[in-house]
Amino acid sequence: MNWDDCGAYGHPAIRTPHIDTLATEGLLFQHAYLTTNSCSPSRASILTGKYPHNTGAEQLHWPLPAGSPTFSAALRRLGYYTAAAGKWHLGDAVRDDFDKRYEASTAGFVLPAGKNGEPAKMIASQPSGCEDWERALDERPRDQPFFLWLAALDPHREYTDGALDPPHRSEDVIVPPHLPDTPEVREDLRLYYDEIGRLDQYVGKVMAKLKQQAVDDNTLILFISDNGRPFPRDKTTLYDGGIRTPWIVRWPAVVAAGETTDALVSAVDIAATFLDLAERTADPTALSSAGAALGADSASTAGPSWTTEGKTFVPTLLDSRKPHRTFAFAEDHWHDYEDHARCVVDARYKLIRNDYPDLPATPSADAGRGLTWQAMLKLHSQGKLTPQQQICFLTPRSEWELYDLQRDPAESVNRFDDPAYTTVRQSMQRALERWTAESGDYIPSRRTPDEFDRDSGEPDHRVRVRPRPSKQEMFGTNGKY
């Protein structure tokens, strides 16, 4: 889901009354970023509190390795009941870090291998992935504090009619400038809007259940996405449509309602923050002095086995005027197709480094099979796409891209060679270099083959197998290769 594809972030047409209510009753973050542009690697990063290249699960469908520390396990050690409901997609090794799991079928988002030459199809028995969210709340023990990991399939592809009643209309659709405004694109976006609307209904059901259980005021809710809109030049890119996320915190007992913050936050900070809060709320008086006790750069630990690369943003929850980060960092790895890139962003500028500029920024295979990409292929062959709409076809790409997000929110003008931005460019490059060294980042010695056709999005069964081998099985290591 794109960061601004809901009413709370200003979209005038997508119907999200319950998400909007979270914002009016909580704190909305304007500058929130994920650590990567791809679903399972993003959630692996969130759960471990590590940047993707340090999780051993940085490529799509790589499972978290055995022994991976997770904040859900740390919360269990602190006495929390933990459950996961909906999309899982993280492998088997960390399943027991949750007391209970309600796993949605992978048939809704992982294309099967296909048998006897028949075309593979996604057929979801639980199309939303949210169907067990209320059940997870009902079945939690009432004598323990709890943590729930509620993961939707909505609005993941593939799309079908019937997700929302009444559905959005074609005239409701706002086509972003990097996509062509055609009937096919409008229909694709309309179906995407409907799945956001269905997700919103489940958000409402969770809120009603918490109220019914009389715990809604003292339960912290964090609403985010794990990657951006599943359309060309969005998901699997390092533009805002790939890595910027909605980020709303509702906690009436602690967090002031109806406020907005300009504090920059990263998904790698979630683990540190939740553990920080769990430790502090063990003492009912702790939060009253938490703001004074915590520095903006402090991080939480939960026992000697836990380390996190993030930083607690509790001070910003207590006072929305407090800043958090100077920079956030994000990664691009293999997702259906080979690619590798990094970016650094602050509240105004973004610098992207493309490590494989010889490869085009092909959208994910499910988006490739969708109405929008197929329409774009035809228009591209006819020379009818604007320069911004041709980005996914461009080779070679620029090795460096620099954007002024305040003046150019569509990220359409690369300022890297603009003399007026020399100081900004140098500052951002230094920040990326420091993070690369501190986090142990690297460029792989080997590339991973594409598993789909870059035009049709159809699987290449010569190289594609499911379940996908782990990083250890493919490269003999969970670290640098």
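A cavity, on a 1 Å grid over the protein atoms alone, is a set of points where a 1.4 Å probe fits but cannot get out, and its lining residues have an atom within 4 Å of a point. Grid points are joined across faces, edges and corners, and a volume is the space filled by probe spheres set on the points.

Welcome to these close-ups: this is a predicted model, in which local features need pLDDT of at least 70, side-chain atom pairs count only at pLDDT 80 or more, and totals for chains, interfaces and linings use all residues. Residues are numbered from 1 along each chain as its sequence is written, and side-chain values use heavy atoms, with hydrogens and water left out.

**View 1. A look into the second largest cavity.** The whole structure holds three cavities of 30 Å³ or more, and the second largest has about 80 Å³ of space. Its lining includes Asp332, His333, His335, Glu338 and Asp339. By type, the lining residues divide into three nonpolar, five polar and three charged; here Ala, Val, Leu, Ile, Met, Phe, Trp, Tyr, Cys and Pro count as nonpolar, Asp, Glu, Lys and Arg as charged, and the others, Gly among them, as polar.

**View 2. Strand 1 and its two partners, strands 6 and 7.** Strands (E, at least two residues) and helices (H or I, at least four) are DSSP runs, numbered from the N terminus. Two strands pair if DSSP finds at least two bridges between them. Strand 1 (residues 27-33) runs antiparallel to strand 6 (residues 247-250), joined by two bridges, and Leu28 has Ile248 as its bridge partner there. With strand 7 (residues 259-266) the pairing is parallel, over six bridges; Ala32 sits opposite Val265. Six of the seven residues of strand 1 are buried, meaning under 20% relative accessible area with a 1.4 Å probe, protein chains only.

**View 3. Two nonpolar cores.** Such a core is a set of buried Ala, Val, Leu, Ile, Met, Phe, Trp, Tyr and Cys residues joined through side-chain atoms within 4.5 Å. The largest has 86 residues, and Phe29, Phe71, Trp149 and Trp247 have the most contacts inside it. Helix 5 (residues 183-212) gives the most to this core, with 12 residues. A second, separate core of 16 residues includes Phe327 and Tyr349.

**View 4. Cysteines without a bond.** No disulfides, pairs of cysteine sulfur atoms within 2.5 Å, turn up in the whole structure. For Cys6, the nearest cysteine sulfur is that of Cys130, 15 Å away. Cys6 is buried, at 0% relative accessibility.

Key
Buried means under 20% relative accessible area, exposed over 50%, partly exposed in between (1.4 Å probe, protein chains only). On a 1 Å grid over the protein atoms alone, a cavity is a set of points where a 1.4 Å probe fits but cannot get out, and a pocket is an open set with protein on both sides within 12 Å along at least five of seven lines; lining residues have an atom within 4 Å of a point.
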